[in-house]
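Hello, and thanks for sharing this one. Here are my notes, set out as numbered points so that you can follow along in your viewer.

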Amino acid sequence: MWTAKVFTLYPELFPGPLGSGLYKKALEKKLWSLEVINIRDYALDKHKTVDDTPFGGGSGMVMRADIVAKSLDKNILDKNEPIIYLSPKGKKFDQAYAKEILSKNINIICGHFEGIDQRLLETRNIKEVSIGDFVLSGGEIAAYVLIDAIVRLIPGVLGNSNSLEEETFEKSLLEYPQYTKPSKWEEKQVPEVLLSGDHAKIKDWRLSQSEYITRRRRPDLWKKYKKDK
Ligand code: SAH
């Protein structure tokens, strides 16, 4: 069973959106599990302080290496499991990385304030991962993003595993447009070919739509697609 351990100052935020719908069912079926560790439980004083002012001055606070390290060391028994620190300075998260990381249980540290003492990242072999070029106030929402993207790849979590194969980013293409009933709505008709029942034609149409959208919206992906084709 794939397990994600989340190290956070706000354990009440979990499972959050990961505890509803398909993911709730998958948790109940034990297709995956989520463990939440409250970093504050490893604080050294009665006020449960986890941060301090930065050496060298500057604004904000920094999470202490010793306290976060204690929370990791007490909870990560298998030293081969990757530890990820969510950080805007990290490697950009993408679909390929989501697939890769599914092969191991993961440990995710959610940062706050100005971040974490650099020595923790170095001594615990922590990989920094970013969900995009913007700055959030904390790592929890980024943790949802990572876990959400990974859990849906676990066999059995989505109803139909075929739906994964055709998706956006598979084969470096964006997905074709989707339609459902009613076939005519607000004067707009569903593309005729989708009602034809001709599976070969539908497949061709979808591929050409995917190519068209990718070429127009994502020249970077389009280049990759042409190269791999
Ligand atoms: N001072 C830091 C930003 C800290 S933001 C800097 O300039 O790099 C506070 C916390 O939010 C971070 O520790 C991190 O865990 C989380 N966070 C912010 N932006 C993120 C992003 N793009 N991806 C992943 N985590 C992010």
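The points below cover the ligand site, the core, the salt bridges and some backbone details.

1. A word on the source before anything else. This is a predicted model, so please read every distance and area below as a value computed from predicted coordinates.

2. Let me begin with the ligand. It is surrounded by 20 residues, and the closest are Tyr 85, Leu 86, Gly 111, Phe 134 and Leu 136. Three polar pairs may interest you for a docking set-up. A polar backbone atom of Leu 86 sits 2.6 Å from an oxygen atom of the ligand. A nitrogen atom of the ligand is 3.0 Å from a polar side-chain atom of Glu 114, and a ligand nitrogen is 3.1 Å from a polar backbone atom of Ile 131. On its own the ligand exposes 560 Å², of which the protein buries 87%.

3. Phe 134 deserves a second look. It is among the closest residues to the ligand, and it also belongs to a nonpolar surface patch with Leu 136, Ile 141 and Val 145. Together the four have about 340 Å² of accessible area. Phe 134 lies in the loop that runs between strand S7 (126–130) and helix H5 (140–151). Is Phe 134 buried or exposed? Phe 134 falls between the two: its relative accessible area is 41%, so it counts as partly exposed. Keep in mind that only the protein chains count as cover for this figure, so the ligand does not lower it.

4. Now for the interior. Nonpolar side chains in soluble globular proteins tend to be buried together. Here the largest nonpolar core contains 32 residues, and Trp 2, Trp 32 and Ile 147 have the most contacts inside it. At least two residues of this core come from each of strand S1 (2–8), helix H1 (21–28), strand S2 (32–38), strand S5 (83–92), helix H3 (95–101), strand S6 (106–109) and H5. Which element supplies the largest share? That is H5, with 8 residues.

5. Next, the charged pairs. How many salt bridges does a search of the whole structure find? The search finds 9. One of them joins the side chains of Arg 119 and Asp 117, at 2.6 Å from N to O. Its two partners differ in their surroundings: Arg 119 is exposed at 51% relative accessibility, whereas Asp 117 is buried at 18%.

6. A second salt bridge links the side chains of Lys 184 and Glu 187, with an N to O distance of 4.0 Å. A salt bridge is counted within 4 Å, so this pair is at the limit of the cut-off. Lys 184 is partly exposed at 49%, and Glu 187 is exposed at 69%.

7. The pair of Lys 229 and Glu 211 also forms a salt bridge, and its closest N and O atoms are 3.5 Å apart. Why is this pair worth a mention? Lys 229 lies in the segment after helix H8 (219–228) and Glu 211 in helix H7 (residues 199–217), so the salt bridge ties together parts that are 18 residues apart in sequence. Lys 229 is exposed, with a relative accessible area of 64%, while Glu 211 is buried at 18%.

8. Please check the backbone with some care when you prepare the model. Most peptide bonds are trans, and most residues other than glycine have a negative phi. Which peptide bond is cis, with omega near 0 degrees? It is the one from Phe 14 to Pro 15, and Pro 15 is in the loop between S1 and H1. The bond from Lys 181 to Pro 182 is also cis, with omega near -5 degrees; Pro 182 is in the loop between helix H6 (162–165) and strand S8 (184–185).

9. Two phenylalanines have a positive phi. For Phe 113 the value is about 55 degrees, and the residue sits in the loop between S6 and helix H4 (118–123). For Phe 169 phi is near 85 degrees, and this residue is found in the loop between H6 and S8. Phe 113 is partly exposed at 36% relative accessibility, and Phe 169 is partly exposed at 41%.

Note on methods
Residues numbered from 1 in each chain as written. Predicted model: local features only at pLDDT ≥ 70, side-chain atom pairs only at ≥ 80, totals over all residues. Heavy atoms only, no water. Patch = residues over 30% accessible without salt bridge, like charges linked within 9 Å, V, L, I, M, F, W, Y side chains within 5 Å. Areas by Shrake-Rupley, 256 points an atom, 1.4 Å probe, with all protein chains shown as cover. Helix = DSSP H or I, 4+ residues; strand = E, 2+ residues; numbered from the N terminus. Buried < 20%, exposed > 50% of the residue type's maximum accessible area, 1.4 Å probe, protein only. Near = heavy atom within 4 Å. Polar contact = N/O pair within 3.5 Å; in protein donor to acceptor, adjacent residues only side chain to side chain. Core = buried A, V, L, I, M, F, W, Y, C linked by side-chain atoms within 4.5 Å.
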